[in-house]
Amino acid sequence: MTMHDGAAPITTGASQGHGAAITPSADPGRRMLDACFLGPYAENDGMLERLVVEFLRDHVYWRRNFHPEDPPAIPTHAAQHPEYQAFEARLRRELHQLSAALKKSVPFHSPRYMGHMVSDLLIPGLAAQMLTLPYNPNNVSEDAAPVTVDMEVQVGLQLARMLGYPDDPARADCAFGHLTSGGTLANVQALRLALALKAFPVALRAANVPDIALPDDDWAAFNLGHDGGIALLEAWTEWLAAQDHPTRRLWRDRVQAQRLEQLGLVEFHARHPTLRAPRVLAPVTAHYSWSKGLKLLGLGRDQLQLLPERGMRLDAAALEDALDTCARTCQPVLMVVAVLGTTEYGTVDPVDAVVDARDRWRPRGLGFDVHVDAAWGGYLATLFRNADGSLRTRDEVGTGFQRFPQPAVHAAFAALSRTDSVTVDPHKLGYLPYGAGAFVTRDHRPMALLAEAADYVFHAATADDYLARYRQLGQFVPEGSKSGAAAAAVYVTHKVLPLDHAHFGLLPRQTVLAAEAFDERAARFARAVADVLHVRVPFAPDSNLVCLALNPVGNTDPARANAFVRALHDELRSDPRQPLQLKQFFGSVTTLRAEAMGPRAMQDILDSIGMVPARRVAGASSTLDHDDRDAGRLVILRHTLMNPYLIDRENGISYIDLYFDHLEQRVRERLSGRRP
Ligand SMILES: Cc1ncc(COP(=O)(O)O)c(C=O)c1O
């Protein structure tokens, strides 16, 4: 049987055969998508090759035209010298070896790949990155990247618009975003910024700054919340600007001497003994980068409080309880994290409920930031945006889908504009090469608190002009040197495919359609194998990740169910010792855990796959080969449905159908003992 949380079970029965007939798509923009990727069969090789050669030549002319009067430093006959030839031979040999070795790579480009959060690369990004590489811009500052650093700032504004943040740099409260090496560092940047803004009012009090209305005590100063902190920062900046030069310098130094960034956590808290180290509240499904981030900042893993879920989405009631406890015990909260597209299940947290909680608790004296970790799901926001930046209604977004977006999902995306900062990864659902995560903050002004003056690199550190200021990017970001080519890739992609539903949105649209088709096909699979296997989609997919819980009929031993799924997965994972072509499909696994889902929801799922109460997963012992990794967990198959060609309308092939046919065959082989 297959069913979703709260949905009526679908009765099992005989197989209804393979998938529904695939008709050529009338989907608007479908033909444009044909030009976007190199393609599963490298169908667009001609386009990419022409672009690469054309722009490599263009780069060559640029070099030659720099000072054409300078003669070639490498003589034209150099290539005839034995040392030159030996070098080239070595180079060729190594490149051949590299190229041969890379043939063992995971075929992310193929619609047979449904494993992790990666797929084919968009040609605009790939071409822009390759084009830019020989210029080697360093986006640490405009000195080293006169062109691409501007592009990076523009990317921040493009993403801001997609999220519903102010994107006009003429506005004092305009958003700001920048690229990072990935989602992990973007989350770290969110923590850095939130901490700087939270602690700054405490420093102002400690420095006894005159003429500004300061909070009454340290607790109040530490709990102004994001907007309250910005208002105080603005008041301070204006006051400072009105002073003469020596006074300004004096007060800036005094405040600086009290800042957490100057003192370090230990000394800061020693001087403010009533303040405990602030906590980060995140759902239990949060990515492990949050744990890394808290360790990196010196706050410590203990400050990460994981909140339970309801149906794999953050439980708003549990958040309320946690905030209530924090308020009663004078435990400061740095931020609450909501996840938009969880790593394991693709589920969407109730961002709207989290920002509502922030707005409720702030007047009650508990101020904190709301950060959305949309490393995975960020680009789904394009489906919710019109070209003019306005939000689409649920009905508009839902046109052509069966159930997407659920009301809660629409509400979560609509609430993005009210959050304080967001992580979104171009190198995930943005289909761009690795090395491109992004951090975006709704209001750029607190970024000044992160500025790291390095006089030898930065000239306009205090520039009022938005663009001039952020051209000194290295001042504000965790990295120093950073790839300008990555920024060019993201910028060009967003220009070719603007971040609205009619352009970039066509990509996530395909993935959500694929997830709906997968979900439907899973129900038919469940009926087809009902004689030997219990199948359940543990929760309705919010976006484009779909999981399958499986248990052989008659089995009540969790260890055996887990071993069965792991064995299936062994055939779905990349194995460099085997020829790639032996693999029919690629998938991944994850686990369901009672501590994450709550015992009741966990039990519902176990019941639905025939696990009788006597042998609960939690704490169950087994006489079978038991893998300790799985104690208290149910191992499930996980499918990331990113590839735009999962349903190949040109040839009338559904790789989703083929996958389920394959799975059925493997399941039957295993259960009949024909496979070990
Ligand atoms: C929700 C979420 N946040 C953060 C990350 C970390 O991103 P990265 O691997 O780019 O550092 C991931 C990666 O899968 C993720 O899914």
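**Note on core packing, aromatic pairs and one helix crossing**

1. Trp236 and Trp239 both belong to helix H8 (residues 225-241), and because they are three residues apart there, about one helical turn separates them. Both Trp236 and Trp239 are buried. This is a predicted model, and the points below should be read with that in mind.

2. The geometry of this pair comes next. The ring centres of Trp236 and Trp239 lie 6.0 Å apart with the planes at 20°, so the pair is stacked; the limit for stacking is planes under 30 degrees apart.

3. Over the whole structure, a search gives 21 aromatic pairs. One of the pairs found is Trp62 with Tyr135: the centres are 4.8 Å apart and the planes stand at 50°, so this pair is tilted. Trp62 sits in helix H2 (residues 45-66), while Tyr135 is in the loop between helix H4 (123-132) and H5; with these positions 73 residues apart, the pair links distant parts of the chain. Tyr135 has a relative accessibility of 31% and therefore counts as partly exposed.

4. Five rings make up one aromatic cluster: Phe518, Phe525, Phe585, Tyr659 and Phe660. The ring of Phe585 also has the charged end of Arg112 over it, at 5.1 Å from the ring centre. A second such arrangement involves Lys198, which lies over the face of Phe222, 5.0 Å from the ring centre.

5. Which residues have the most contacts inside the largest nonpolar core? They are Leu122, Leu159, Leu319, Leu323, Leu340, Tyr379 and Phe413, in a core of 71 residues. The element that gives the most to this core is helix H5 (residues 148-163), with six residues. Another core lies apart from it and has 59 residues, including Val153, Ala196, Ile212 and Leu240.

6. Leu323 can be followed further. When neighbours within four places in sequence are left aside, its contacts are Leu281, Val333, Val336, Ala357, Trp361, Leu366 and Phe368.

7. How do H4 and H17 cross, and at what angle? The axes of H4 and helix H17 (residues 484-496) come within 8 Å and cross at roughly 145°, and the crossing is right-handed. On the H4 side the residues involved are Pro124, Gly125, Ala128, Gln129 and Thr132; they meet Gly484, Ala485, Ala486, Ala488, Ala489, Val492, Thr493 and Val496 in H17.

Definitions and conventions
Residues are numbered from 1 along each chain as its sequence is written. This is a predicted model: local features need pLDDT of at least 70, side-chain atom pairs count only at pLDDT 80 or more; totals for chains, interfaces and linings use all residues. Side-chain values use heavy atoms; hydrogens and water are left out. A nonpolar core is a set of buried Ala, Val, Leu, Ile, Met, Phe, Trp, Tyr and Cys residues joined through side-chain atoms within 4.5 Å. Buried means under 20% relative accessible area, exposed over 50%, partly exposed in between (1.4 Å probe, protein chains only). Helices (H or I, at least four residues) and strands (E, at least two) are DSSP runs, numbered from the N terminus. Contact means heavy atoms within 4.5 Å. Rings of Phe, Tyr and Trp (its six-membered ring) pair if their centres lie within 6.5 Å; planes under 30 degrees apart count as stacked, over 60 as edge-to-face and the rest as tilted. A charge sits over a ring if NZ of Lys or CZ of Arg is within 6 Å of the ring centre and within 35 degrees of the ring normal. Axes are lines fitted to C-alpha atoms, for helices over the stretch in contact, and angles run from 0 to 180 degrees between N-to-C directions. A crossing is left-handed if the near helix is turned anticlockwise from the far one by less than a right angle, and right-handed if clockwise.
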